Amino acid sequence: MASNLHVAITARGERNGLIQAEAMALTGGSPDADGVSTCERIDRIDRAAYVHRGVRIIVSADTIEELRDAIAVRANTIQSDRFRIDVHDPEGRSPLGRIEIAIMLADALQEFPDLGNPLHHFLVIVGERNLMFGEIEAESAASYRLHDNKPWTTSSSLDGRFSRALVNLVPDARSILDPCCGAGSIVVEAASLGIEAFGVDWKPALAGMTHENLAHFGYSGTVVQADSRSHVQYADAIVTDLPYGHAINADEGVIRAILEQCAGLAPRAVFVAPTNITTWLTDTGYANIQVHSVMKRRGFTRWVHVAESTVT
Ligand SMILES: C[S@@+](CC[C@H](N)C(=O)[O-])C[C@H]1O[C@@H](n2cnc3c(N)ncnc32)[C@H](O)[C@@H]1O
């Protein structure tokens, strides 16, 4: 059976709600336990943190033999010069090994393989209900990895992958403000994507680190040392990891004041906190709040809130 379906292949991790949230924001699809989702678009996968690939499905079938036969029937319509075939079978459902599957299906194609430098890269997806064969048309550039080598980080700095996923929760934003930027992990990710990036931190040393981290990679952005309870910088979206000590409640007054100020600065916001702060958000001018939890290690969970301002 032929189809025009697109699917995305994402990282797997049921403890990381950001995977699902990023996939939905970038592709419009929600991955299953295999990390597979049918999706509306694949053109934003190059910027993804957890979405690995976008695949145009060419044929699907119930068994590997039927898949081979379906490919053979359509072989003259499948561009396959210098091809490579990989297999996505995270649950090990296929009785055949990856190489056996690739060899079997390669025989059904008309051109020759080139594993080292393929022109057409195909993927076999071994699902619970069927098998799919498609061509990989989009891949994450994983450029966030480069940013883990930035000159400055602190003990509360986020890694590049997590920061990138946060930025991707507001994929249409052309400008992003991080009002609590620390050493600038989020600002660097936003700037690297060509988004107009603003960073604010009330500690001069931290504002300086963000500035130097941006300069290190040659990215442009605006960094200001200021108190975000009163500083004004409008943007399409706010993305920030809120300040917290060992007890977030100790900082409640400061955080609520920052949230209240932020609600007047951008229509959408992504707030990370060590606890679910939905009630604080509703109190300070936010609605339509989605919450995603990310379990980092035993006893420590980050809560990612995506919210719309009712003020702007
Ligand atoms: C959790 S850290 C951010 C870490 C950052 N995402 C990074 O990767 O380095 C929170 C930051 O908020 C800053 N901060 C706290 N209160 C602030 C305020 N009222 N105005 C501006 N910055 C503030 C702190 O100095 C701290 O750097």
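Helix H6 of this predicted model runs over residues 204–217, and at 1.5 Å a residue its 14 residues should span 20 Å, which agrees with the 21 Å that separates its end C-alpha atoms. The buried residues of this helix are Leu206, Ala207, Met209, Thr210, Asn213, Leu214 and Phe217. Because they cover an arc of only 155° around the axis, they fall on the same side of H6. The face turned away from that buried side carries the exposed residues Pro204, Ala205 and Ala215. As for what lies over the buried residues of H6, the cover includes helix H5 (185–192), strand S8 (196–201) and strand S9 (222–225). Just after the helix, glycine 218 takes a positive phi of about 75°.

Positive phi values also occur away from glycine, and here it helps to recall that most residues other than glycine have a negative phi. Arginine 82, with a phi near 50°, is a residue other than glycine that has a positive value. This arginine lies in the loop between helix H2 (64–74) and strand S4 (83–88), and because its relative accessibility is 33%, arginine 82 counts as partly exposed. Asparagine 288 likewise has a positive phi, near 45°, but its place is in strand S12. With a relative accessible area of 56%, asparagine 288 lies over the 50% cut-off and is therefore exposed.

A second asparagine, at position 168, belongs to helix H4 (residues 160–168). Is asparagine 168 buried or exposed? Its relative accessible area is 0%, so asparagine 168 is buried. When its neighbours within four places in sequence are left aside, asparagine 168 is in contact with Glu22, Ala25, Leu26, Arg47, Ala48, Ala49 and Leu193. For one of these partners, alanine 48, the separation from asparagine 168 is 120 residues in sequence, while the two C-alpha atoms are 7.1 Å apart in space.

Threonine 301, in strand S13, can be read in a similar way. Burial requires a relative accessible area under 20%, so threonine 301, at 19%, counts as buried. Apart from its neighbours within four places in sequence, threonine 301 is in contact with Ala273, Pro274, Ser293, Val294 and Met295.

The remaining topic is empty space, which is found by rolling a probe the size of a water molecule over the atoms. The largest pocket holds about 920 Å³ of space, and its lining is made up of 36 residues, among which Ser156, Asp241, Leu242, Pro243 and Tyr244 lie nearest its centre. Which helices and strands each supply at least two residues of this lining? They are H5, helix H7 (252–263), strand S12 (286–297) and strand S13 (300–309). H5 thus appears here again, having already been named in the cover over the buried residues of H6. By class, the lining of the largest pocket has 17 nonpolar, 10 polar and nine charged residues.

Enclosed space is counted separately, and the count comes to one cavity of 30 Å³ or more. The largest cavity has a volume of about 30 Å³, and the residues that line it are Leu177, Pro179, Ser228, His231, Gln261, Cys262 and Leu265. Divided by class, the lining of this cavity has four nonpolar residues, three polar and no charged, whereas nine charged residues are found in the lining of the largest pocket.

Notes
Residues are numbered from 1 along each chain as its sequence is written. This is a predicted model: local features need pLDDT of at least 70, side-chain atom pairs count only at pLDDT 80 or more; totals for chains, interfaces and linings use all residues. Side-chain values use heavy atoms; hydrogens and water are left out. On a 1 Å grid over the protein atoms alone, a cavity is a set of points where a 1.4 Å probe fits but cannot get out, and a pocket is an open set with protein on both sides within 12 Å along at least five of seven lines; lining residues have an atom within 4 Å of a point. Grid points are joined across faces, edges and corners, and a volume is the space filled by probe spheres set on the points. Ala, Val, Leu, Ile, Met, Phe, Trp, Tyr, Cys and Pro count as nonpolar, Asp, Glu, Lys and Arg as charged, and the others, Gly among them, as polar. Helices (H or I, at least four residues) and strands (E, at least two) are DSSP runs, numbered from the N terminus. The expected span of a helix is 1.5 Å times one less than its number of residues. Buried means under 20% relative accessible area, exposed over 50%, partly exposed in between (1.4 Å probe, protein chains only). The arc is that of the directions from the helix axis to the C-beta atoms. Contact means heavy atoms within 4.5 Å.
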